[in-house]
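Colleague: Please take a close look at a single part of this model. Pick one helix and follow it outward to its surroundings.

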Amino acid sequence: MRDPFPIAPPAPLVAAVKPLADYLSLSTLPLHAHEVIFAFCLYSFIGLVVSPALSSYFCGARYRAFSSRTKINWNVHVVSFCQACIICSLSLYIILFDKERKEWTRSGNWETRIWGYSGLTGLCQSFALGYFLWDFIMCSVYVDIFGWAMLAHAVSAVSVFSLGYRPFCYFYCPVFLLYELSSPFLNIHWFCDKLDLTGSTIQAVNGGVLTVSFFLARIVWGQYSSFNTFSDMYAAYASGHSTPSIIPGADGNARIKSSGDIGMYYASPASQERAFMGELYLPLWLPAIYLASNLVLNALNVWWFYKMVATIRKRFDPPWGTKGIGPDAVHYMPLSEEEKNRIAGLHKEGLGSVKAGRVKAEQALGNAGAVGTTYGAAAADVDVQRGVYADGHKSVEVTSTTRRSARSRRKA
């Protein structure tokens, strides 16, 4: 299907991008550079203007009371939510209704799946690249907020979607973008935490949808699509040089060398499909980059799925949740009469010193468990407890006071 974007490639921009596109062998980039810029500006505008305005209107004082760090994170989640809705809608439309692309799915048609070009898929890839460039900048500038894992994700995504302009694996562009089907629910879950809806019915229902969609879209669909992609790449690499399919441009050269031919933007889908193929072969470094990026993305998805399930369970009570259970849960063991007598008057020497009291408590309690107990007048300000944590480690907790009398303060 032809590119439905209402703005045609501006000739000055095409001319400016062409040298870089030819140098990097990204022959279809000049036809879509304006869409990449448009998408980048769109997501930047949402993050800088739309999100603060709408958040202040609907969330009022809550949003304005956020710290600068939380506001940045909030705005990024708003952009992510909008991007996921846009890109998933476009990807699903391409997969379901692009008749020309459906022909590429036929068995043995791996050449077109690897090197074929479609204007509509080029639009989809450009909106994805515009977002991932924006995301890469945000993750680089605020790596202290989003972490190195998100930066690695951004680098992998930018690499994959940039190399697609060769053209390369246009067929699989909307396929992998369906990873984003879980992103709206992930963002809603995050918003619930910030709006004091943690553990609410809304978050519970959303958490269930999030878990299922993440597992199906990123784990099941992702692994299946990765297998199909690398099967086609192996077929392309094993075939060596394929049959040339050279369509001369206006200057008589193959279009692979005429990346700035705006005429292809208006060409029929049948003409576009093989227009940029030239003599086809797959250099080993290209699938290697895709394989490395894919492994990084899939590994992150598996890790995030594990962390996501654990995080959601912490919001809710047992048996399905783990609220109040885990490393933070403390169980106290009762003292025997002998142990009670042993620690009676324990803090007389160290009254006013928590450190001294803790040392004495360790010596008296040894490996025994304890429950918080107070002994004698001297211990009126001291509470000793033996905590046994869920992971098995033990501790002595001593609560005391360092208050001195008025007389001692005057001496000091």
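**Helix α10 and its surroundings**

Modeller: The buried residues of α10 pack against three helices: α4 (68-97), α11 (201-238) and α14 (285-314). Keep in mind that this is a predicted model.

Start with the helix itself. α10 covers residues 183-194, 12 in total. From first C-alpha to last, α10 reaches 17 Å, close to the 16 Å expected at 1.5 Å a residue. Its buried residues are Ser183, Pro184, Asn187, His189, Trp190, Phe191 and Cys192. After the helix comes Asp196, with a positive phi near 60°.

Now take α4, one of the packing partners. Helix α4 holds Leu92. Leu92 belongs to a nonpolar patch on the surface, together with Tyr93, Leu96, Phe97 and Leu181. Their accessible area together is about 450 Å². Leu92 has a relative accessible area of 34%, so it counts as partly exposed, since buried means under 20% and exposed over 50%.

Next, the interior. The largest nonpolar core has 69 residues. Tyr43, Trp115, Phe132, Phe161, Phe168 and Leu177 touch the most other members. Helix α7 (residues 119-141) gives the most to this core: 11 residues. Phe168 shows the contacts in detail. Setting aside neighbours within four places in sequence, Phe168 is in contact with Ile114, Trp115, Leu163, Met233, Leu282, Leu286 and Tyr290. Another core lies apart from the largest one. That core has six residues, including Leu210, Phe214, Phe305 and Phe316.

Notes: Residues numbered from 1 in each chain as written. Predicted model: local features only at pLDDT ≥ 70, side-chain atom pairs only at ≥ 80, totals over all residues. Heavy atoms only, no water. Helix = DSSP H or I, 4+ residues; strand = E, 2+ residues; numbered from the N terminus. Expected span 1.5 Å × (residues − 1). Buried < 20%, exposed > 50% of the residue type's maximum accessible area, 1.4 Å probe, protein only. Contact = heavy atoms within 4.5 Å. Patch = residues over 30% accessible without salt bridge, like charges linked within 9 Å, V, L, I, M, F, W, Y side chains within 5 Å. Areas by Shrake-Rupley, 256 points an atom, 1.4 Å probe, with all protein chains shown as cover. Salt bridge = Lys/Arg side-chain N within 4 Å of Asp/Glu carboxyl O. Core = buried A, V, L, I, M, F, W, Y, C linked by side-chain atoms within 4.5 Å.
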